[in-house]
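This report describes selected features of a single structure for a reader who has not met it before. The sequence and the model are shown first, and the description follows.

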Amino acid sequence: MNFGLGNVVSKARKPVPRGIARSGPPVLSYGFRPFFLLAGIFAIAAMVGWIGALTAGWEIGGDYGMLNWHAHEMLFGYTSAALAGYMLTAIPNWTGRLPVSGLPLLGLVAVWLAGRLVMAVPGVIGLPLSMLAEACFLPLMAAIAAIEIIAGKNWKNLKILAGLSALSLVNIAFHVSVAFNGAALEASRAGVAIYVMLIAVVGGRIVPSFTRNWLAKAGSSRLPAPFGRFDVVAMVWLLVTLALWVAFPETIVTACAAVGAAFLHAVRLARWHGRRTVDEPLLLALHVGYAFIPLGMLSVALASLGWIANASALHVLTVGAIAGMTFAVMTRASLGHTARALTASPRTSVAYLALTLSAVLRPFAELIPSQYHLLLSLSGACWLIAFGLFILEFGPMLVSPRLKAG
C-alpha cells in the first residue's frame with residue numbers, strides 16, 4: 001500500500017492510477033492550492049510575529065531563540081511551503097502521472113502545519129520533540145518526489161530530488177546547531193545556498209521558456225538564448241561560489257568567486273531579454289526575482305571583504321532572490337492552473353513592486369545603523385503589503401473550483 005502516493009500494483013490486476021480528488025474542497029484538488037495559500041498566510045503571520053518580537057517583546061520561538069526562529073521559519077517554513085506547492089504541481093507535468101490530492105495532500109499539509117506550531121511554541125512538547133516533528137516535512141516531500149520521478153522514469157529531474165534531499169539534511173543540521181551551539185549561521189547560509197541553486201536551475205528553465213513564448217506570440221524575432229555551454233559554466237561557477245560562501249564567508253577567494261558569479265548570471269539574465277517584458281509584470285517579476293542572484297553574489301563579495309554587513313548580503317538573497325522568485329512563481333502558477341488569463345492585475349503589479357521595495361530596503365538597515373528600525377519597519381511593511389495583496393487577489397481562486405473553458 002502506498003497511501004495514494006503512487007500506483008497500487010498487484011500481480012492479479014493492472015496498476016490503478018491515482019486520481020485527482022473529485023470530492024471534498026477544491027483547495028485539496030492540487031498541491032499548489034493549499035501550499036501557496038499557506039505560504040502567503042504564513043509570510044504575513046511570521047513577519048507580524050517577528051516585528052512584534054522586536055518591538056513589543058513578544059515571546060516567540062521559546063528555547064529555540066527568537067532570531068533562530070525567524071531565520072528558520074523564513075527558510076524552512078515559508079519557502080518550504082512555496083517549494084512544495086511548486087513541486088507537487090510540476091512533478092505531474094514532468095512525469096505524466098496524476099498529482100497528489102485529497103486526503104494524502106491533507107496529510108502533507110498537516111505535517112507542515114504541525115512544524116509551524118511546534119516551532120512557534122517549542123516548550124509545549126519540548127525542544128527535541130519539536131525539532132523532530134518539524135524535520136519530517138522535507139524528507140516526506142523528498143520521498144514523494146522520488147516515488148513520482150522514479151515511477152515516471154523522469155531521470156533528468158533527479159537533480160531536483162537532490163536539492164530536496166540536501167534541504168532536508170540542512171534543516172536537520174540547522175536544528176542540531178541550535179541545540180548544541182545556540183545558533184546556526186553555517187546551516188542558514190547552506191539553506192540559502194541550496195534555494196539559490198534551485199532558483200538558478202528551475203529559473204533557468206521557466207524564465208526563458210515563458211519569455212520565449214510571450215515574445216513569439218507578440219511576433220518578436222529576438223528570443224531568449226537557448227540553454228547551452230554558457231549556462232553550464234554559470235551554474236557550476238555559482239555552485240562553487242555558494243560552497244565557498246557557506247564554508248569560508250570572509251575570504252578574498254570567496255569575494256573573487258562571487259564577483260565572477262555575479263557577472264556570469266547577470267549576462268545569463270540579459271540573454272533572456274527581460275527588458276522587453278516590461279508590458280507584462282507577471283513575466284517581468286520572474287526576471288526581477290532572478291536579477292537578485294547576481295545582485296546577491298555582488299553583495300556576498302562586498303560582505304566577504306568586510307565592506308558591508310553579512311546580514312545585508314544574506315537578505316539580498318533571501319528577500320530578493322528567494323522570496324521574489326517564489327512570489328512570482330506562485331502568482332503565475334495560481335493563474336495558469338486555475339484557467340485564468342496569464343496577465344497581472346493592477347493589484348498584483350503593486351504587490352510585485354512592494355516586495356521588490358522590501359528586498360531593496362532590508363539590506364540598508366545594517367548599512368545605515370542610525371535608521372535601522374525605520375528601514376526595518378519600512379521593509380516589513382512592504383512585505384506585509386505584498387503578501388496581503390496576494391491573499392486578497394489569489395486566496396479566493398485557490399479555494400475555488402477551476403474555471404471552465406469558454
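F76 is buried, at 1% relative accessibility, in a model that is predicted. Its ring forms a pair with the ring of Y195; the centres are 6.5 Å apart and the planes meet at 50 degrees, so the pair is tilted. The two residues come from distant parts of the chain, with F76 in helix α2 and Y195 in helix α7, 119 residues apart. Y195 also counts as buried, at 4% relative accessibility.

A second aromatic pair joins Y78 and F387, and this one is edge-to-face, with 5.5 Å from centre to centre and 80 degrees between the planes. It too links distant parts of the chain: Y78 belongs to helix α2 and F387 to helix α13 (residues 372-398), 309 residues apart. Y78 is buried, with a relative accessible area of 1%, and F387 is buried at 0%. Both rings belong to a cluster linked by ring pairs, whose members are Y78, F327, Y352, W383, F387, F390 and F394. In total, the structure holds 16 aromatic pairs.

The two pairs are set out below.

| Pair | Centre to centre | Angle between planes | Type |
|---|---|---|---|
| F76 and Y195 | 6.5 Å | 50 degrees | tilted |
| Y78 and F387 | 5.5 Å | 80 degrees | edge-to-face |

Aromatic rings also take part in another kind of arrangement. R116 lies over the face of F42, at 5.9 Å from the ring centre. R116 likewise lies over the face of W112, at 5.2 Å from the ring centre.

W112 is also one of the residues touched by F35. Leaving out residues up to four places away in sequence, F35 touches A81, A84, G85, L88, L105, L108, V109, W112 and F137. F35 has a prominent place in the largest nonpolar core, which has 121 residues: together with M87, L238 and W383, F35 is among those with the most contacts inside that core.

Helix α2 (residues 66-95) contains T89 and Y86 as well. T89 is buried, with a relative accessible area of 5%, and touches Y30, G31, F32 and H337 when residues up to four places away in sequence are not counted. Y86 is buried with a relative accessible area of 17%, a value under the 20% limit for buried residues. On the same basis of counting, Y86 touches F36, W94, V202, I206 and V329. The C-alpha atoms of Y86 and L161 are 13 Å apart, and 75 residues separate the two along the chain.

L238, named above for its contacts in the core, is one of the buried residues of helix α8. This helix (residues 229-247) has 19 residues and spans 27 Å from its first C-alpha to its last, close to the 27 Å expected at 1.5 Å a residue. Which residues of α8 are buried? They are D231, A234, M235, L238, T241, L242, W245 and V246. These residues cover an arc of only 130 degrees around the axis, which puts them on the same side of α8. An α-helix has 3.6 residues a turn, so residues three or four places apart point the same way. The buried residues of α8 pack against α7 (185-217), α9 (252-270), α10 (281-304) and α11 (310-337).

From helix α10, M297 illustrates this packing. M297 is buried, with a relative accessible area of 1%. Its contacts, leaving aside neighbours within four places in sequence, are L238, T241, L242, A258, A261, A262 and L317. The C-alpha atoms of M297 and L317 are separated by 8.1 Å, and the two residues stand 20 residues apart along the chain.

Two loop residues deserve mention for their backbone angles. H273, in the loop between α9 and α10, has phi near 60 degrees, a positive value in a residue other than glycine. A339, in the loop between α11 and α12 (346-367), has phi near 65 degrees, again a positive value in a residue other than glycine. Are these residues buried or exposed, in whole or in part? H273 is buried, with a relative accessible area of 11%, whereas A339 is partly exposed, with a relative accessible area of 35%.

Notes. Residues are numbered from 1 along each chain as its sequence is written. This is a predicted model: local features need pLDDT of at least 70, side-chain atom pairs count only at pLDDT 80 or more; totals for chains, interfaces and linings use all residues. Side-chain values use heavy atoms; hydrogens and water are left out. Helices (H or I, at least four residues) and strands (E, at least two) are DSSP runs, numbered from the N terminus. The expected span of a helix is 1.5 Å times one less than its number of residues. Buried means under 20% relative accessible area, exposed over 50%, partly exposed in between (1.4 Å probe, protein chains only). The arc is that of the directions from the helix axis to the C-beta atoms. Contact means heavy atoms within 4.5 Å. A nonpolar core is a set of buried Ala, Val, Leu, Ile, Met, Phe, Trp, Tyr and Cys residues joined through side-chain atoms within 4.5 Å. Rings of Phe, Tyr and Trp (its six-membered ring) pair if their centres lie within 6.5 Å; planes under 30 degrees apart count as stacked, over 60 as edge-to-face and the rest as tilted. A charge sits over a ring if NZ of Lys or CZ of Arg is within 6 Å of the ring centre and within 35 degrees of the ring normal.
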